[in-house]
Structure formats: structure tokens, C-alpha cells
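Visitor: Please take one part of this structure and examine it closely. I should like a connected account of how that part packs against its neighbours, followed by a brief word on the metal site.

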Amino acid sequence: VKDHGRGHFRFYEKEMDAIYLNEMVMESYLRRAIELNELKVYYQPQIDLRTGQISSFEALLRWNNKKFGFISPGQFIPIAEKSGIIHNIGEWVLDNVCRQLKEWQDKRYRKARIAVNISPKELKMEDFSKKVKQKIDAYGISPSLLEVEITENALANMEDTIQTLNNLKNIGVSISIDDFGTGYSSLSYLKRYPIDTIKIDRSFIQDIESDEKNKAIATTIINLAHNLGMDVIAEGVEKDLQASILLNANCQKAQGYLYSRAVSIDEINEKYFSKRT
Ligand code: C2E
Ligand code: CA
Ligand code: CA
Ligand code: CA
């Protein structure tokens, strides 16, 4: 599926027929995706660089439409946000994740934590933290198993969000800043918000072995996080050399194709939990 600009996406169906799917069409299909069972939560491991052990999983949404095939979240999440469908989708993801955490918790897989992406629109909702608390209580999971990932742009309007994040923190949920260094916020939010982890954006990691500027930026973010008492994780790690540079720079955690792509829950259970841990 390719983005052809102006919100038009081209799908190749049955050999050569090209179909142009605009945002409105995609929106109408997306509206039915949950009831048609087309959405799935995939999981990508986050690795402790020192021990090589998994420290957590990031939940990443997958949409397989019967007619159009796989559509990437990079395409449908913005449409879900614009249309408001993100509220249903976000709740559906959170529900799935909590159910998974409950299953692992019951099996005593204690270390299996999950990070969930939260869109700025969801975070702005007045009762968002209440909804999270309700889910945690309904499933009876330990709140420390759940982590929310938010982008810097979600923090732009502070008054609304600071209370929500403080509430989440008080509930016992951890908070990560996603795509760090790519948003429009100033660093001052690092003082005001209860942030546990900084995620270094992939754009700073991808050439870290050859690009001195990226290496300087990544190293500085690692030190910044540590000086603030926060954890740090590098995303988009694809090569051994990148991992060793990061480890040398004292980065604790990494995530990327070097370790695994996001995979189905069956694959996760088979690969990481088939023997008792
Ligand atoms: P993100 O949160 O920054 O997620 C990281 C993206 O990078 C994922 O793409 C992941 O599959 C990909 N990735 C991970 N490791 C590597 C690597 O080593 N190399 C490369 N090239 N890519 C890597 P994905 O799954 O397509 O998701 C794209 C974006 O969609 C996410 O970016 C996130 O912003 C959004 N998204 C995904 N699932 C959800 C969700 O459940 N809720 C919300 N609100 N947004 C979601
Ligand atoms: Ca993320
Ligand atoms: Ca990210
Ligand atoms: Ca991103």
C-alpha cells in the first residue's frame, strides 16, 4: 500500500487493478474493523542490553482488511485520530493488553510488562486515567505491568495533560516519551511531567555507527535521561554495532528488528513463554 499524497492510498487488488482508497473510504472500513475482527495486537520485545533478557513488550496494532489486505498503522492511525474512531480503537487495544497481562500474571510470568501507544487525542480525554484504572481493576492486574507511550506533541497543551499523567502515575502506571527529540515541545516538560522513560527516536539510531551527529545526539539523550533519573530505550536498533555503541554509551534498553519485529501473541507465547520462566 502506497501513500499517493492528499490522503489517497493505492491498493493493488487481483493482479493489476489499482484501487484508490481515500480517507473517507478508509474511515468507513475502519469503523467496522473491530466488529469484523480485523484488528490484532502484535508485540515487539524490548531488550535489556546488559543481560539480553526481555524487559517488556510494545503493543503495536495491525489491521488486516478482507478487501485491501494489510494497512499500516502509520496510515490508519491518523485517520482514526481525525475521525474520533481512535477512542474505540484505543479502548479495544487497552482491553486486549490488560487481558494479556492478566493471563501472564496468572501464569506467574512476572516480568512480562506491556507498553501501549496512546494518541494525543485519547490523552486529552477528561476521564482517560479513570478509564485506565477501571480496566486495571476489572482485570485485576498489577498496574506496574502497564506502561503508556506518549509523544512530545501530546504534551503541547499542558494544563489538561499534566493532571492526567499525574493520575496515571499515582495509579502505578509507567510513562514513556515516544519518538523523543522529534516533536515540537521544549525540554521544560521533562521537569513538569512524571516521566519514567525516554525513548530515543529511530531517526537518531539508524546511522549511529557512521553519523557522528546522531551518535552525539543519542549519547546526549542517554545522559540527559540518566541525569534526570529516568530510564532510556533506543528504538529501531537493527545492527549489532548499533547495539554495542548504545551499550557503551550506557543505554539500558533497546528495541528493533535486530531482536524481533512485532509478532503475533501466539509467536510471543511460543518463543518466550513456552518454557516456564
Ligand atoms: P511507534 O510507536 O514509534 O512504533 C515504532 C514503529 O517502528 C512500529 O511501526 C515498529 O514496527 C517499527 N519498528 C520497530 N523496530 C524497528 C526497526 O528496527 N526498524 C524499523 N525500520 N522500524 C522498526 P508500526 O507498527 O508500523 O507503527 C507505526 C506507528 O503507529 C507507531 O509508531 C505508533 O505511533 C502508531 N501505532 C501503532 N499501534 C498503535 C496503537 O495501538 N495506538 C496508537 N495510538 N498508535 C499506534
Ligand atoms: Ca511507541
Ligand atoms: Ca517510537
Ligand atoms: Ca512514531
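Guide: Helices and strands here are DSSP runs, helices of at least four residues and strands of at least two, numbered from the N terminus. The model is a predicted one. The part chosen is helix α3, which spans residues 86-106.

Two packed helices are described by the angle between their axes and the distance between the axes. For α3 and helix α5 (residues 128-139), the angle is about 30° and the axes are 9 Å apart. Angles under 35 degrees count as roughly parallel, and α3 and α5 are therefore roughly parallel to each other. Their crossing is right-handed. On the α3 side, Glu91, Leu94, Asp95, Cys98, Arg99 and Lys102 make the contact, meeting Lys131, Val132, Lys135 and Tyr139 of α5. The residues of this contact comprise 6 charged and 4 nonpolar ones, with no polar residue.

A further partner of α3 is helix α11 (residues 265-272), packed at an angle of about 20° with the axes 13 Å apart. That angle makes α3 roughly parallel to α11, and the crossing of α3 and α11 is right-handed. Here Gln100, Glu103 and Trp104 of α3 meet Ile265, Ile268 and Asn269 of α11. This contact divides into 3 nonpolar, 2 polar and 1 charged residue.

As for the metal site, Asp179 lies in strand β9 (residues 174-180). Two entries for Asp179 (OD) are the protein donors of the calcium ion (ligand 4), lying 2.5 to 3.1 Å from it. The calcium ion (ligand 2) is 5.8 Å from the calcium ion (ligand 4).

Note on methods. Residues numbered from 1 in each chain as written. Chains lettered and ligands numbered in written order. Predicted model: local features only at pLDDT ≥ 70, side-chain atom pairs only at ≥ 80, totals over all residues. Heavy atoms only, no water. Axes fitted to C-alpha atoms, helices over the stretch in contact; angles between N-to-C directions. Parallel < 35°, antiparallel > 145°, perpendicular 65-115°, else oblique. Left-handed = near helix turned anticlockwise from the far one by under 90°. Contact = heavy atoms within 4.5 Å. Nonpolar A, V, L, I, M, F, W, Y, C, P; charged D, E, K, R; others polar. Donors = N, O, S within 2.8 Å, 3.2 Å for Na, K, Ca; no water.
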